[in-house]
Structures are given as structure tokens and as C-alpha cells.
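These are my notes from a first reading of the structure shown below. I record what I looked up, one topic to an entry.

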Amino acid sequence: MSISYVATIKQEPKIGRMCGLPAKKDKRLLGPPLVLELDKYVDKDRVNPNDIEDPHLYYCFLTLSLVSTAPRSSSTLSSKSSDSASSPQHVHGNEFVGTPMTNGQVLKDLNGKSALLFCFPDVGVKSPGIYRLRCDVFKVDTVLMEFPILASVSTGDISVVSPKQYPGSMESTDLTKYLYSQGVPFHIKRETNHH
């Protein structure tokens, strides 16, 4: 019997406004919020999260790492190599605002399918730039006290811009609204009607 895990991004951020200015206690979030699904397969057959008797699948968590994909100024680069500015660079975790780690929840997707989803309702980035989010799902092995990686995946590019360049928060997606209705604490923005 072979067991494998697959992480799939169901919704990924596209844009954000630089945030975390202490003087204003500013907090602007990446939008739309990140949603990732983890599937377990036994001999290539997907296991329904509701049918799992062994609770080990729920002893897992997902952490985010911020990766810069565009050249940054020399004052923000930790590497002294002149080539480092043109290659992806892991950014210190202090660049995050919010909680870049979460546990999975069994929820319904837009097709009515039960899924183990990892949702990030309150993640922002402090500095402008072009970034990707690396998503690593870890299993908590309570016997060996180890944390092996079950699956990893990265988002596409996310633009974090200055307040002057930010076009404003976008309307919440159907997936965001649907997960919100199931108890996920997303910030919901509905379309404004103009008369």
C-alpha cells in the first residue's frame, strides 16, 4: 500500500498593500486570501477527509515562507553576491503581518466536496516588492517527535505596492464568501452598488 499527499492551491493572492506601519497600526491583507487543499491518496485513490478513521491526517500544519522574485535594493539583500538580486530570495519571516501558519479544516468547496483546507484570513506583507508564498505542509509525528514535510507548493507572483499604487481592496471571491459562511474568519468585501 502506497500513501502520498498532494497540496493544491485553490485560491492565491494577486496583490497587497504594504502594511505594518507602526505609527498608524496599519494592516492591509493580501487579496484574495490564500486557500490550499491537502489530499491524501492510498494506492492513487483519493481519501475523503470525512471517511478517515485514523486521525493522523489532522496532526499537520501549514507554514508560509516569503520569497522575493524581483530585485530588491542592496540595503535589503542579505547576500553579497551581485547575482542574488536576480534570483529568488527567501525573505525574513518578520516581513509578514498576521499569522503565516495554520491547521487544516474539513470544509466544503464550491462543488460541495469535503476537503481538508488551509485558510489564511489575515496575512499581509510589510515591504513593497514582487513575492511568492512557499507553502509547506508538515505532519506532527507524536511518537518520534519529528515534523516531516508531507507536501510543498508555491503561489504565483504577488505584487505588494505602496499606498499610492494600491487600487483598493477587491470584491471577495465566491470561494472566500462560501468559506466565510462555514466559519472561516475572512474579511468580506461585497460589491458596492452605485445609484
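**Entry 1: T176**

I began with T176, which lies in helix 1, residues 174-181. The model I am reading is a predicted one. Is T176 buried or exposed? I found a relative accessible area of 1% for T176, and the cut-off for buried is under 20%, so T176 is buried. I then listed its contacts, leaving out residues up to four places away in sequence: T176 touches Q11, P33, F186 and I188.

**Entry 2: The chain as a whole**

I next looked up the secondary structure of the chain, which comes to one helix and 14 strands. The chain has 195 residues, and buried residues make up 41% of them. For the surface, I noted that the chain exposes about 11,300 Å². Carbon and sulfur atoms supply 51% of that exposed area. I also looked at contacts between residues at least 6 apart in sequence, and 70% of these join residues at least 24 apart.

**Entry 3: D39**

I turned to strand 3, which covers residues 34-42 and holds D39. How accessible is D39? I read 7% relative accessibility for D39; this is under 20%, and therefore D39 counts as buried. Which side chain makes a polar contact with that of D39? I found that the side chain of R46 does, at 2.8 Å. Setting aside neighbours within four places in sequence, I recorded that D39 is in contact with S4, Y5, V6 and R46.

**Entry 4: M1 and the end of strand 3**

I looked up the start of the chain and placed M1 in the segment before strand 1, which spans 3-11. M1 has 78% relative accessibility; exposed means over 50%, so M1 counts as exposed. What does M1 touch beyond residues up to four places away in sequence? I noted V42 and D43 as the residues that M1 touches. M1 and V42 are 41 residues apart along the chain, yet I read a separation of 6.8 Å between their C-alpha atoms.

**Entry 5: The loop between strands 3 and 4**

I followed the chain to D43, which lies in the loop between strand 3 and strand 4, the latter being 45-46. The phi of D43 is near 50 degrees, a positive value in a residue other than glycine. D43 has 40% relative accessibility, which falls between the cut-offs of 20% and 50%, so I entered D43 as partly exposed. K44 is found in the loop between strand 3 and strand 4 as well. I read a positive phi of about 70 degrees for K44, although K44 is not a glycine. At 79% relative accessibility, K44 counts as exposed.

**Entry 6: A cis peptide bond**

Which form does the peptide bond from G31 to P32 take, cis or trans? I found that this bond is cis, with omega near -10 degrees. P32 is in the loop between strand 2 (15-17) and strand 3.

**Entry 7: The largest pocket**

My last entry concerns the largest pocket, whose volume is about 400 Å³. I counted 27 residues that line the largest pocket, and the closest to its centre are L29, L30, G31, S169 and H187. How does the lining divide by residue type? I recorded 15 nonpolar, seven polar and five charged residues in the lining of the largest pocket. G31 thus appears twice in my notes: its peptide bond to P32 is cis, and G31 is among the residues closest to the centre of the largest pocket.

Terms used. Residues are numbered from 1 along each chain as its sequence is written. This is a predicted model: local features need pLDDT of at least 70, side-chain atom pairs count only at pLDDT 80 or more; totals for chains, interfaces and linings use all residues. Side-chain values use heavy atoms; hydrogens and water are left out. Helices (H or I, at least four residues) and strands (E, at least two) are DSSP runs, numbered from the N terminus. Buried means under 20% relative accessible area, exposed over 50%, partly exposed in between (1.4 Å probe, protein chains only). A polar contact is a pair of N or O atoms within 3.5 Å; within protein, one must be able to donate a hydrogen and the other to accept it, and residues adjacent in sequence count only if both atoms are side-chain atoms. Contact means heavy atoms within 4.5 Å. Accessible areas come from the Shrake-Rupley method with a 1.4 Å probe; for residues, only the protein chains shown count as cover. On a 1 Å grid over the protein atoms alone, a cavity is a set of points where a 1.4 Å probe fits but cannot get out, and a pocket is an open set with protein on both sides within 12 Å along at least five of seven lines; lining residues have an atom within 4 Å of a point. Grid points are joined across faces, edges and corners, and a volume is the space filled by probe spheres set on the points. Ala, Val, Leu, Ile, Met, Phe, Trp, Tyr, Cys and Pro count as nonpolar, Asp, Glu, Lys and Arg as charged, and the others, Gly among them, as polar.
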